[in-house]
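Hi everyone, thanks for making time this morning. I'd like to walk you through one model, so please have a look at it while I talk.

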Amino acid sequence: MAVRAAVAGASGYAGGEVLRLLLAHPEVEIGTLTGNSNAGQRLGALQPHLFPLADRVLAETTPEALAGHDVVFLALPHGQSAAVAEQLGPDVLVVDMGADFRLNDPADWERFYGSPHAGTWPYGLPELPGARAALEGSKRIAVPGCYPTAVSLALYPAYAAQIAEPEAVIVAASGTSGAGKAPKPHLLGSEVMGSMSPYGVGGGHRHTPEMIQNLSAVAGERVAVSFTPTLAPMPRGILATCSAKAVAGVTAESVRAAYEKAYADEPFVHLLPEGQWPATASVHGSNAVQVQVAYDEAVGRIIAISAIDNLTKGTAGGALQSMNIALGLDESTGLTTIGVAP
Ligand SMILES: NC(=O)C1=CN([C@@H]2O[C@H](COP(=O)(O)OP(=O)(O)OC[C@H]3O[C@@H](n4cnc5c(N)ncnc54)[C@H](OP(=O)(O)O)[C@@H]3O)[C@@H](O)[C@H]2O)C=CC1
Ligand SMILES: CC(=O)N[C@@H](CCC(=O)OP(=O)(O)O)C(=O)O
């Protein structure tokens, strides 16, 4: 019997991407689609690439509209998910693509999001140690932020192998879709095209505590993180360049071995052959993660680089991968590692 799924926030980028992937998922039947300012509109007018759903009309985002589904995806702005989720009932699998349930520490939430903390749900990054077990059979999933996905997958093997000091420096470039579809002056084509610019510099980006949470859990001690995000003139993709000082005795061979061990059996993470480097174009539209690592002997630092599609593995693909695990389906069902190039 098909799994019936609703998508709240179907007019946005994350909602559109989850629908693109659900259309290719053999076990899922797409039910209600909702919007906010676009309620009452045809989906075809908002997401013309989703032509099989073009004549669907968006409902208001209400508990009544979302009732009667096995799975509900919430692709809503931060702070909007908790009120909807609490009315959906404990038997419904709720997959939240917003940030509301990602953080463990209420103080971190309040500092970076400025509202009361709604709670913590099983974290939808299956590759992290222990994550799959927490997702199996769960009725609630918190999908990670796109930068924390890229950064955690670049660095966690170094902390799992205890070869890195607990302080990481990260610079990551993101495509503009990471900022959502709502119009913003700094995202005008004339501002973005032909230019790269940093933002959230100096520890202010709200994904910093999520990265610290993930890496510290693996390391078994607090990992300090300096994170600088950058806006890149492309619609999709994240390239995260991460480095940490190596502990004494580390060699290029031991660094490589740590990453080979971590990613030997992961269906979506491709540790590239030595000498080949991740590129956002290679993972465009796919759930794949490209990872490469090097040991910079001159400064004693491990340099780990990852590339993801922020809307696929960074949001909707990670959401479907985690849904598959929660429902007891094969983790890769409906997902591809094949990119679109050039
Ligand atoms: N874009 C990305 O790469 C990533 C996004 N996410 C998360 O996914 C969520 C959605 O992001 P994204 O799709 O980019 O954002 P968009 O701005 O593209 O879409 C937001 C969606 O939420 C709806 N919405 C807006 N305000 C409200 C409200 N007050 N109540 C209910 N619905 C509302 C909008 O409806 P309408 O258009 O009809 O007004 C739209 O469908 C966010 O929490 C974001 O952090 C997570 C990881 C990556
Ligand atoms: C380019 C850009 O603006 N990106 C977004 C991150 C998007 C994302 O993954 O995050 P959330 O789910 O936490 O919103 C930002 O830096 O705020």
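Let me start with a word I'll use a lot: a residue is buried if 20 or more other C-beta atoms lie within 10 Å of its own. Please also keep in mind that this is a predicted model. As for confidence, the mean pLDDT of the chain is 97, with 100% of its residues at 70 or more. The scores are ipTM 0.97 and pTM 0.97.

Now to helix 1. Which residues in helix 1 are buried? They are Tyr13, Ala14, Gly15, Gly16, Glu17, Val18, Leu19, Leu21 and Leu22. That makes 9 of the 10 residues of helix 1, so this helix is largely enclosed by the rest of the structure. And what do those buried residues pack against? Their partners are strand 1 (3-8), strand 2 (28-35), strand 4 (71-74) and helix 11.

Helix 1 brings us to ligand 1. Around ligand 1 there are 30 residues, and the ones that come nearest are Gly12, Gly35, Gly98, Gly180 and Lys181. Two or more residues of that shell come from each of helix 1 (13-22) and helix 11 (312-327). Helix 1 gives the largest share, 3 residues. If you sort the shell around ligand 1 by class, you get 10 nonpolar, 19 polar and 1 charged residues.

Where does ligand 1 lie with respect to the domains? Domain 1 (3-143 + 313-327) and domain 2 (147-310) both give residues to its shell, so ligand 1 lies between them.

On to ligand 2, which has Ala99, Gly145, Cys146, Ser174, Gly178, Ala179, Pro229 and Leu231 around it. This shell splits into 5 nonpolar and 3 polar residues, with no charged ones.

One name there deserves a stop, and that's Cys146. An unreviewed UniProt entry places the feature "active site" at Cys146. In the model, Cys146 sits in helix 7 (residues 146-160). Is Cys146 buried or exposed? It has 29 C-beta neighbours inside 10 Å, so Cys146 counts as buried. Setting aside neighbours within four places in sequence, the contacts of Cys146 are Ser174, Gly178, Ile238, Asn310, Gly314 and Thr315. Ser174 and Gly178 we have already met, in the surroundings of ligand 2.

So, if you take two spots home, look at ligand 1, which lies between domain 1 and domain 2, and at Cys146, one of the residues around ligand 2. Thanks for listening, and I'm happy to chat afterwards!

Technical notes:
Residues numbered from 1 in each chain as written. Chains lettered and ligands numbered in written order. Predicted model: local features only at pLDDT ≥ 70, side-chain atom pairs only at ≥ 80, totals over all residues. UniProt positions renumbered as here; feature names shortened; annotations may be inferred. Helix = DSSP H or I, 4+ residues; strand = E, 2+ residues; numbered from the N terminus. Buried ≥ 20, exposed ≤ 12 C-beta atoms within 10 Å, placed from the backbone. Contact = placed C-beta atoms within 7 Å. pLDDT = per-residue confidence, 0-100. Near = placed C-beta within 6 Å. Nonpolar A, V, L, I, M, F, W, Y, C, P; charged D, E, K, R; others polar. Domains from an automatic or database assignment.
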